[in-house]
Amino acid sequence: MPNKDYYDILGIERGADDKEIHSAYRRRARELHPDRNKHDPKAEDKFKELGEAYRILSDPQKRRQYDMFGSVGGDYAPPPGWSGARYDFGEPFAPEDFGYSQGFDFDALFDDILSRMPRRGGFRNVRMTYERGSDIEVELPLTVEDLFKSATRQIRIAVTRRCEGCEGEGRISGAVCRECSGTGKVTRRKAYKINVPPGLGHGDVIRLAGQGNPSPGGMGAAGDLLVRLKVKPHPRYRVSGRDLEVDIRVPDYQAALGGKVEVEAPTGKLSLNLPAGIASGTKLKVRGQGLPRRGGGYGNLLVNVVVWVPENLTPEQKELYRKLRDTQK
Ligand SMILES: [Zn+2]
């Protein structure tokens, strides 16, 4: 076997660290995979060679030996006094080990390779590669009126992914990656149309599976996108679960006498029969005039009675109040 430059095969500098070696191997393995190079009769050899280069350089001990002698398995002159040198490199990875001929799955390939890799040195980031991406949580503001119908809203989020151009390294062959300006990450804005069916309310979450942040190492599952509904404050209604609360202002004499009052419900004006002698702060429940419930039906409308005392009375009104006062004695 002629001398081979494993660094050349991987396309890395001689001083490359473990991370660079790993990253370069992944990149080159994709490029050189025989399935992608069917026209090239040497594809399989190149792929084997790559596996061999990786196997040697990713093992600190073997790499040291290789660095010392410049080659393995070829003609080398052991240093004076060196004897009994043994190079147990084993068999380089053969493409058939990866079953590429039976349909190919790159994740399975790397799974396989990583499971065979020596655990010492250089693979601290292996566990990281399969880590699930984090969830992205956004708020979707809606009005009370939106909750009565099926609302479709567009939201835009920024998702930061590992840069594919440089495999997250920020550099390609020593040069700053143009795609990510050397940060190793790219941020893309993505728009989603979110359909909010009636029945959802404040605090409810719509989960878009797999639309969150990607796996930090690029191989695990992506996180989810969580869209949390936020009902905006309404000038008239207060929201409590699926109930709505509304104030009605009633002058004191009407509170005393009772009678019909008009209330603005979300569906239109309602006529309400006020019982006589109602106190301020009394809540009247109007069933089924609240927000839609999940699974059908509606919450209630709570009518909060606010009794007010008229100001700026006319002389005639003043006289009537005086009479009223005198009857209390
Ligand atoms: Zn990049």
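## Getting to know Asn304 and its sheet

Asn304 is found in strand β13, and it makes a good starting point for a tour of this predicted model. How buried or exposed is Asn304? Asn304 counts as partly exposed, because 15 other C-beta atoms lie within 10 Å, while a buried residue would need 20 or more. Leaving aside residues up to four places away in sequence, Asn304 touches Glu245, Val246, Asp247 and Lys283. Ser280 is another residue to look up: 24 residues separate Asn304 and Ser280 in sequence, and their C-alpha atoms are 8.0 Å apart in space.

### The sheet around β13

Now step back to the strands. Strands of a sheet pair through backbone hydrogen bonds, in either a parallel or an antiparallel way. Here, four strands make up an open sheet with mixed pairing, in the order β8-β9-β13-β12. The edges are taken by β8 (238-240) and β12, each with a single partner strand, so one side of each has no neighbour in the sheet. From one strand to the next, the twist averages 30 degrees.

The table shows how the strands pair.

| Strands | Sense | Bridges |
|---|---|---|
| β8 and β9 | antiparallel | three bridges |
| β9 (residues 243-251) and β13 (residues 301-308) | parallel | eight bridges |
| β12 (residues 283-286) and β13 | antiparallel | four bridges |

Individual residues let you follow these pairings in the structure. Between β8 and β9, Val239 has Leu244 of β9 as its bridge partner. Moving on to β13, Glu245 stands opposite Leu302. Which residue of β13 is the bridge partner of Lys283? The partner is Asn304, which brings us back to the starting point; Lys283 is also among the residues that Asn304 touches.

### A helix to visit

Helix α3 covers residues 43-57. At 1.5 Å a residue, its 15 residues should span 21 Å, and the end C-alpha atoms are indeed 21 Å apart, so the two values agree. Which residues of α3 are buried? They are Phe47, Leu50, Gly51, Glu52, Ala53, Tyr54, Arg55, Ile56 and Leu57. As a reading aid, an α-helix has 3.6 residues a turn, so residues three or four places apart point the same way.

### The whole chain

Finally, here is the wider view. The chain holds eight helices and 13 strands. Of its 329 residues, 19% are buried. Among contacts in the chain with a separation of 6 or more, 59% are between residues 24 or more positions apart.

Note on methods. Residues are numbered from 1 along each chain as its sequence is written. This is a predicted model: local features need pLDDT of at least 70, side-chain atom pairs count only at pLDDT 80 or more; totals for chains, interfaces and linings use all residues. Helices (H or I, at least four residues) and strands (E, at least two) are DSSP runs, numbered from the N terminus. The expected span of a helix is 1.5 Å times one less than its number of residues. A residue is buried if 20 or more other C-beta atoms lie within 10 Å of its own, exposed if 12 or fewer, and partly exposed in between; C-beta atoms are placed from the backbone. Two strands pair if DSSP finds at least two bridges between them. Axes are lines fitted to C-alpha atoms, for helices over the stretch in contact, and angles run from 0 to 180 degrees between N-to-C directions. Two residues are in contact if their C-beta atoms, placed from the backbone, lie within 7 Å.
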